[in-house]
Amino acid sequence: MTRRSLCLFVLFTILFAAEPTSAQPAGKPKRKFKYIDIHTHVGTFYKGRELTVDGLIKFMDENGIEKACILPLVSPEACLYPQTTEAAIAAAKKHPDRLIPFCAIDPRANSGNPKRFGRIDGPGLVDLLKQYKEAGVCGFGEHQVGLPFDHPLMMEIYRACEKVELPILFHLDDIRGIDSPGLPRLEHALKEFPKLAFIGHACGFWASISADATDADFSKYPKIPTPVVPGGALERLLKKYPNLYCDLSEPGGYLAIARDKKFGREFVIRWADRLLFGTDVLMSNQQIPQFDLYDSLDLPEEVQYKIFRGNAIRLLKLPDAK
Ligand SMILES: [Zn+2]
C-alpha cells in the first residue's frame, strides 16, 4: 500500500463502517472451511492503529483464519518505511503454525553502485532468495515497485523467483508494477516465465476484469454497482496463461466481485482454481468486507475449499492441516 492507496483504502474503510469484524454474523451457518489469508501486513502504523503480530493473530482468531501470509513491503512507492522480510520471518518463527513469511526485494537496490559489488541481480539475487527460502519463506511479495511491469530489472526478479520456485504476489496499477488496459506488460512477463506463478492484486489488475477498463480505472476503485463488460483482459490472460492467479484481497479484489455480483459469482466459480482469498489487513479494527461477500455468494463447497485454502496449500506447498 502506498500513501495514495492508503488514502483510498481508509476512505473505503470509513464508507464500509469502522467496527471490528466479528467471527461469524449471528444466525448464519458456521463456515465449513477455515481461511488461509494470502495477504496481510504487520508492523504497519497508520492513524495510531498499529497492527502488531499479536493483533494479527487476534484478528485471525476472530475471523476463522487458520493461517496468514505476512507480506513485507520495501519499495519507496509502497510504504513510508520498509516492512522487512526479516520481520516477517521473525513473526512466523513466533507462530509457526499460523504465519507464513514472504520476502521482498526492490530490484533497484544498490543499482547505483558503479562497481556493482553486491548488486542483487543474477546469481546474487538467486542466492538471497534461496537463503530466504531456507528460513521458511514461501513466496515473494508484496512486489510493489515504481517501474513498468516488464522493466528489465523487474524481469530479473521474475527470473530469480522462477528459478528458486517462489510464487510472486504483485501489485499492478498506474504507478507501481505499471501497465495499461489490455495488460500487455503483464502478458510479456507471463509469457517469458511460464513456470512462475504470478498472483495479481490492486486496482489496475482488477479493473481489467471488465473489457471497458480505461487508463483512469487503473488508479481508482469502481463504485457498486458497476456492471462488468465480459471479455476483459484479465479473463483473456487467465485462459491463455495457467501461471496467472488472482489475489481477492483489498478493495480492488473485493469490488471486482461485488461491483456486479452476478458476473462476480460466475467468475469465481469459473476460475476457482486460480483465486486466493485474502484481506490485506494492515491496521487494527479494520473492516474486511470479503467475509460477508463470500458468505453471501452461496458458492459450491468445492469452490469454497479451493479459493479459501486449497489453492494456497497447493501453490505455497503448505502441509494440509485442520
Ligand atoms: Zn498489501
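**View 1. Glutamate 142, tucked away in strand S4.** In this predicted model, glutamate 142 is buried, with just 3% relative accessible area. Anything under 20% gets that label, so glutamate 142 at 3% makes the cut. Have a look at the backbone here too: the peptide bond running from glycine 141 to glutamate 142 is cis, and its omega is near 15°.

**View 2. The zinc ion and its four donor atoms.** Which residues hold the zinc ion? Coordination comes from His39 (NE2), His41 (NE2), Glu142 (OE) and Asp280 (OD), at 2.1 to 2.5 Å. Glutamate 142 and aspartate 280 link distant parts of the chain, sitting 138 residues apart. Aspartate 280 belongs to the loop between strand S8 (275-276) and helix H11 (290-296), and with 0% relative accessibility it is buried. Read along the chain, the donors follow the spacing H-x1-H-x100-E-x137-D. Why is the arrangement called irregular? The angles between the four donor atoms run from 83 to 166°, whereas a tetrahedral site would need all of them between 85 and 135 degrees.

**View 3. An open sheet of eight strands.** The strands line up in the order S1-S2-S3-S4-S5-S6-S7-S8, and their pairing is parallel. S1 and S8 are at the edges with a single partner strand each, so one side of each has no neighbour in the sheet. Zoom in on S1 and strand S2 (residues 65-70), and you'll find four bridges joining them. Threonine 40 stands opposite isoleucine 70 in S2.

**View 4. Glu77, Asp106 and Arg108 in a salt-bridge network.** How far apart are the closest N and O atoms of arginine 108 and glutamate 77? They are 2.8 Å apart. This pair also ties together distant parts of the chain, 31 residues apart. Arginine 108 is in the loop between strand S3 (99-103) and helix H4 (122-134), while glutamate 77 is in the loop between S2 and helix H3 (85-94). Arginine 108 is partly exposed at 23%, and so is glutamate 77 at 25%.

**View 5. A salt bridge along helix H2.** The structure holds 18 salt bridges, and here lysine 58 meets glutamate 62, with 3.1 Å from N to O. The two are four residues apart in the helix, which means about one helical turn separates them. Is lysine 58 buried or exposed? Lysine 58 is exposed, with a relative accessible area of 52%, whereas glutamate 62 is partly exposed at 29%.

**View 6. Phe45, Leu80 and Tyr81 make a nonpolar surface patch.** Together these residues give a patch of about 340 Å². You can find phenylalanine 45 in the loop between strand S1 (35-40) and helix H2 (53-62).

**View 7. Backbone details at alanine 202, proline 225 and aspartate 298.** Alanine 202 has a positive phi, near 90°, though it isn't a glycine. It lies in the loop between strand S6 (198-201) and H7, where it is buried at 1% relative accessibility. Aspartate 298 has a positive phi as well, near 55°. This residue is in the loop between H11 and helix H12 (301-315) and is exposed, at 62%. Last up is proline 225, joined to isoleucine 224 by a cis peptide bond with omega about -5°. Its home is the loop between helix H7 (203-207) and helix H8 (233-240).

Methods
Residues numbered from 1 in each chain as written. Predicted model: local features only at pLDDT ≥ 70, side-chain atom pairs only at ≥ 80, totals over all residues. Heavy atoms only, no water. Patch = residues over 30% accessible without salt bridge, like charges linked within 9 Å, V, L, I, M, F, W, Y side chains within 5 Å. Areas by Shrake-Rupley, 256 points an atom, 1.4 Å probe, with all protein chains shown as cover. Salt bridge = Lys/Arg side-chain N within 4 Å of Asp/Glu carboxyl O. Donors = N, O, S within 2.8 Å, 3.2 Å for Na, K, Ca; no water. Tetrahedral: all angles 85-135°; square planar, octahedral: opposite > 155°, others 65-115°. Buried < 20%, exposed > 50% of the residue type's maximum accessible area, 1.4 Å probe, protein only. Pairing = 2+ DSSP bridges.
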